[in-house]
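Biologist: I have this model open beside me and would love a guided close look at one small part of it. Could you pick a residue and walk me through its surroundings and the charged pairs there?

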Amino acid sequence: MASLISCPHCGTRPKEEFTVKGDASISRPTADAGEEDWYDYVYLRGNPKGLHKEYWHHSSGCRRWLIVERDTVTHKVHGVSDAALAKLGGGA
């Protein structure tokens, strides 16, 4: 059975319509942050086991950025929200 993502704008769609763009929990350092903070931000990523939030782009659909919470072990999706609305306080 194909993995399905419930896009808040388009409804349930196959995962092949989306592009995974990385960890949604990383915060961009301030402009005056040190070299080490920028190095960590650009190059270092964790490899979490279990629930994890990621940015996904609905590249073959509404072209919106989404935050997908999924289990990295089972690949089960636990939640999907619009990233722009989440940034404005609409929930992530």
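Modeller: Happily; what follows is a walk from one histidine to its contacts and then to some salt bridges. Please keep in mind that this is a predicted model.

Let's start with histidine 57, which is part of strand S4, the stretch covering residues 51-57. Is histidine 57 buried or exposed? Its relative accessibility is 11%, and because buried means under 20%, histidine 57 counts as buried. The side chain of histidine 57 has a polar atom 3.2 Å from the backbone oxygen of arginine 63.

Now for the company it keeps. If we set aside neighbours within four places in sequence, histidine 57 touches Glu17, Phe18, Thr19, Lys21, Arg63, Arg64 and Trp65. Two of the residues on that list, Glu17 and Arg64, are worth following further, since glutamate 17 has a salt bridge with arginine 13 and arginine 64 has one with aspartate 82.

Why might such pairs form? Side chains of opposite charge can pair when their charged atoms come close.

Take glutamate 17 to begin with. In its salt bridge with arginine 13, the closest N and O atoms are 2.8 Å apart. The two partners sit in unlike settings: glutamate 17 is buried, at 13% relative accessible area, whereas arginine 13 is partly exposed, at 30%.

Next comes arginine 64, whose salt bridge with aspartate 82 also has its closest N and O atoms 2.8 Å apart. This pair joins distant parts of the chain, with arginine 64 in the loop between S4 and S5 and aspartate 82 in strand S6 (residues 77-82), 18 residues away. Arginine 64 is partly exposed at 31% relative accessibility, while aspartate 82 is buried at 4%.

Finally, let's return to the strand that holds histidine 57, namely S4. Which residue pairs with glutamate 54 in a salt bridge? The partner is arginine 70, with an N to O distance of 2.7 Å. Glutamate 54 belongs to strand S4 and arginine 70 to strand S5 (residues 65-71), so this salt bridge ties together parts that lie 16 residues apart in sequence. Here both ends are tucked away from the surface by the cut-off used above: glutamate 54 is buried at 8% relative accessibility, and arginine 70 is buried at 15%.

To put these pairs in context, the structure holds 4 salt bridges, among them the pairs glutamate 17 with arginine 13, arginine 64 with aspartate 82, and glutamate 54 with arginine 70.

Conventions:
Residues are numbered from 1 along each chain as its sequence is written. This is a predicted model: local features need pLDDT of at least 70, side-chain atom pairs count only at pLDDT 80 or more; totals for chains, interfaces and linings use all residues. Side-chain values use heavy atoms; hydrogens and water are left out. Helices (H or I, at least four residues) and strands (E, at least two) are DSSP runs, numbered from the N terminus. Buried means under 20% relative accessible area, exposed over 50%, partly exposed in between (1.4 Å probe, protein chains only). A polar contact is a pair of N or O atoms within 3.5 Å; within protein, one must be able to donate a hydrogen and the other to accept it, and residues adjacent in sequence count only if both atoms are side-chain atoms. Contact means heavy atoms within 4.5 Å. A salt bridge is a side-chain nitrogen of Lys or Arg within 4 Å of a carboxyl oxygen of Asp or Glu.
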